[in-house]
Structures are given as structure tokens and as C-alpha cells.
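The following exercises are to be worked through with the sequence and the coordinates at hand. Each task is followed by a solution in steps.

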Amino acid sequence: MNFKTLDMTVQQAIEVLRMNGYYVGNMWCREDVTEKFHCTDEEADEILDNALNSEWICERIQDAIFDEGHQMELELKDDYL
């Protein structure tokens, strides 16, 4: 496998996501799981999916978004007043 080509493909994919409004500054991959556990790719995906979509994590992220916006003294939209 040509990793340089693969890296370019990944970088291009990240750029496409960024250009379409997605935040890509903090991304996770299977290796974040497989460096800790002996598991299949499917198991690693399941762990990441469960961890990143847990109610607790989602609530903390939403809280942090509001906290950061307030710290930056941004005006809250009417929908969130």
C-alpha cells in the first residue's frame, strides 16, 4: 500500500468535509482503540461510535460550545434565549 497516496486521499477528504462546514480539527480513528485493545475493525468502530455518541459526551460538548461562545461574548441566537 502506498501510504503517501493514502495520506493525500485522507487529506483531500478532510478538506472536502471542512469546505462543507464540518469541523475536522479533532478526529478519531480505529487506531485510538486498537492501540489499547486487541479487537477487530468492527469492534473498534463500535467502541468509537458508542463512546463518541454517548449521552454524557454529547451533553458535555453542547455545554462546552455554550461556555466557549459566552467566553467569547458572542450573542446568542433568538432560538436559544
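**Exercise 1: A salt bridge between sequence neighbours**

In this predicted model, Glu-59 and Arg-60 form a salt bridge through their side chains, with an N to O distance of 3.6 Å. Classify the exposure of Glu-59 and of Arg-60.

*Solution.* Step 1: the class "partly exposed" covers relative accessible areas between 20% and 50%. Step 2: Glu-59 has a relative accessible area of 35% and is therefore partly exposed. Step 3: Arg-60 has 33% relative accessibility, so Arg-60 is also partly exposed.

**Exercise 2: The span of helix H4**

Determine whether the length of helix H4 (residues 55-71) agrees or disagrees with the expected span.

*Solution.* Step 1: the helix holds 17 residues, and the rise is 1.5 Å a residue. Step 2: the expected span is 1.5 Å times one less than the number of residues, which means 24 Å for this helix. Step 3: the C-alpha atoms at the two ends of H4 lie 24 Å apart, so the values agree. Step 4: beyond the helix, attention passes to Glu-73, which follows H4 and has a positive phi near 55°.

**Exercise 3: Salt bridges across the chain**

State how many salt bridges the whole structure contains, and which residues are linked with Arg-30 in a network.

*Solution.* Step 1: a search of the whole structure gives six salt bridges. Step 2: one of them pairs Asp-41 with Arg-30, and their closest N and O atoms are 3.5 Å apart. Step 3: this pair connects distant parts of the chain, since Asp-41 belongs to helix H3 and Arg-30 to the loop between H1 and H2, 11 residues apart. Step 4: Asp-41 has 40% relative accessibility and is partly exposed; Arg-30, at 37%, is partly exposed too. Step 5: the network of salt bridges links Arg-30, Asp-41 and Asp-45.

A further salt bridge joins Glu-35 and Lys-36, with 3.1 Å between the closest N and O atoms; both of these residues are exposed.

**Exercise 4: Two surface patches**

Identify the residues that make the nonpolar surface patch and those that gather in the negative one.

*Solution.* Step 1: Leu-17, Tyr-22 and Met-27 make a nonpolar surface patch of about 310 Å². Step 2: Met-27 lies in the loop between helix H1 (3-19) and helix H2 (31-34), and its relative accessibility of 46% makes it partly exposed. Step 3: the negative patch consists of Glu-42, Glu-43, Glu-46 and Asp-49. Step 4: Glu-43 is placed in helix H3 (residues 41-52) and is partly exposed, at 39% relative accessible area.

Notes: Residues numbered from 1 in each chain as written. Predicted model: local features only at pLDDT ≥ 70, side-chain atom pairs only at ≥ 80, totals over all residues. Heavy atoms only, no water. Patch = residues over 30% accessible without salt bridge, like charges linked within 9 Å, V, L, I, M, F, W, Y side chains within 5 Å. Areas by Shrake-Rupley, 256 points an atom, 1.4 Å probe, with all protein chains shown as cover. Salt bridge = Lys/Arg side-chain N within 4 Å of Asp/Glu carboxyl O. Lys, Arg positive; Asp, Glu negative; His and termini not counted. Charge placed at Lys NZ, Arg CZ, Asp CG, Glu CD. Helix = DSSP H or I, 4+ residues; strand = E, 2+ residues; numbered from the N terminus. Buried < 20%, exposed > 50% of the residue type's maximum accessible area, 1.4 Å probe, protein only.
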